[in-house]
Amino acid sequence: MTTTVAVFGSCNMDLVAYVGTAPKRGETVLGREFHTVPGGKGANQAIAAAKAGAAVRMIGAVGEDEFGIQIRDTLQKSTVDVAGVRAVPGRSGTAHIVVDDEGGNSIVVVPGANGTVDGLADGDEELIAGSRSLLLQLEIPLPGVAAAAAAGRRNGVRVVLTPAPAVPLPGEILSNVDLLVPNEHEAAILAGDDDPHRALAALLELVPEVVITLGGRGSLYGNRDGARVEAPSFPVEAVDTTAAGDTFVGVLSAALGEGAEMPEALRLASAGAAVSVQRNGASSSMPTRQEITDFLASA
């Protein structure tokens with residue numbers, strides 16, 4: 001069974017350098033590899049959901065450059081519908097990523113064409129309305145996020161927000177969010193508390209459902225009805241954690257759209273993230289549904 005997921009968000013080209021140890025301020029280090037990989041939190045989540053079995057529509061913008069062509073091509077090869085991805089004058093967004101030998105990363109995002117996604121373009125609301133869930137992130141201007149979230153609410157679409165990069169969120173956005181999926185750092189910023197359980201309780205005063213991802217410690221779910229689920233992670237040797245969060249959200253949304261209960265959806269999402277961190281790159285590391293199933297069978 002497939003489910004339709006709309007993603008309204010960023011499309012970037014990831015420029016990834018692999019190093020032994022990330023450079024400190026003022027320091028130059030030698031890298032061992034360099035890759036260009038289509039990404040952006042929006043495109044990453046779209047690809048993750050599609051590979052996990054969902055029917056996915058991407059809504060966003062790329063530049064009229066070679067990166068824009070490559071990003072659209074990668075989305076299409078992952079079976080993502082790109083009718084909502086418009087080309088605008090100028091450069092596509094880029095993410096400049098340094099990955100160290102422990103799999104950790106630091107990222108600088110240059111928005112480029114993503115900066116033009118500050119509202120709904122013609123046809124965007126129809127694409128959102130024809131979906132069961134809408135995935136949002138914060139790598140586009142907040143007015144665009146707010147407009148998409150409001151369109152989701154107007155049309156009875158489940159709105160899922162990844163609040164990254166973390167910034168204070170206005171009530172006009174949060175009031176239209178059904179499920180918030182921060183990592184523990186983002187949860188602490190939004191809730192003003194670095195304890196995940198207390199942060200969960202605080203965030204549930206803002207939105208009906210929350211999943212906090214905790215890296216190697218798994219994830220924590222809660223809703224306003226009092227349900228709580230603590231899902232473990234799968235211990236693996238990480239090579240590159242860049243795509244872990246976006247893989248988690250994409251797989252989670254695909255599973256929930258198929259009717260999975262939250263504990264099973266979290267299990268599938270954790271497995272997807274575990275597979276992704278064992279590979280280099282963002283969109284290139286995301287597993288298919290069969291790969292997730294095979295991983296769980298061997299875990």
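Me: Before I look at any sheet here, when do two strands count as paired?
Reply: Two strands pair if DSSP finds at least two bridges between them. Keep in mind that this is a predicted model. With that in hand, you can follow an open sheet of nine strands, in the order S5-S4-S1-S8-S9-S10-S11-S12-S13. Its pairing is mixed.

Me: Okay, so which strands stand at the edges of that sheet?
Reply: Those are S5 (81-88) and S13 (228-231). Each has a single partner strand, so one side of each has no neighbour in the sheet.

Me: Can we zoom in on S5? In which sense does S4 pair with S5, and over how many bridges?
Reply: S4, residues 55-63, runs parallel to S5, and six bridges link the pair. If you want a spot to click on, try Ala-61, which sits opposite Arg-86 in S5.

Me: And which helix packs on this sheet?
Reply: That's H9, residues 262-276. H9 touches S9 (158-161), S11 (209-213), S12 (219-223) and S13. Compare directions, and H9 makes about 150° with S12.

Me: I also see a sheet of four strands. What is the order there?
Reply: Read it as S3-S2-S6-S7, again an open sheet with mixed pairing. At its edges are S3 (31-39) and S7 (105-110); each has a single partner strand, so one side of each is left without a neighbour in the sheet. Ignoring direction, neighbouring strands in this sheet are turned by 15° against each other on average.

Me: How many bridges join S2 to S6?
Reply: Seven, between S2 (residues 12-19) and S6 (residues 93-99), and these two run parallel. Look for Leu-15, which faces His-96 in S6. Then find helix H2, residues 66-77: H2 packs on this sheet and touches S2, S3 and S6. The direction of H2 makes about 95° with that of S2.

Me: Now helices against helices. What describes two packed helices?
Reply: You use two things: the angle between their axes and the distance between the axes. Take H6 (residues 184-191) and H7 (residues 196-203) as your case: their axes come within 9 Å and cross at roughly 55°. H6 and H7 are therefore oblique to each other. Their crossing is left-handed.

Me: Which residues make that contact?
Reply: From H6 you have Ala-187, Leu-190 and Ala-191, and from H7 there are Ala-199, Ala-202 and Leu-203. Sorted by class, the contact of H6 with H7 has six nonpolar residues, with no polar and no charged ones.

How values were computed: Residues are numbered from 1 along each chain as its sequence is written. This is a predicted model: local features need pLDDT of at least 70, side-chain atom pairs count only at pLDDT 80 or more; totals for chains, interfaces and linings use all residues. Side-chain values use heavy atoms; hydrogens and water are left out. Contact means heavy atoms within 4.5 Å. Axes are lines fitted to C-alpha atoms, for helices over the stretch in contact, and angles run from 0 to 180 degrees between N-to-C directions. Angles under 35 degrees count as roughly parallel, over 145 as roughly antiparallel, 65 to 115 as roughly perpendicular and the rest as oblique. A crossing is left-handed if the near helix is turned anticlockwise from the far one by less than a right angle, and right-handed if clockwise. Ala, Val, Leu, Ile, Met, Phe, Trp, Tyr, Cys and Pro count as nonpolar, Asp, Glu, Lys and Arg as charged, and the others, Gly among them, as polar.
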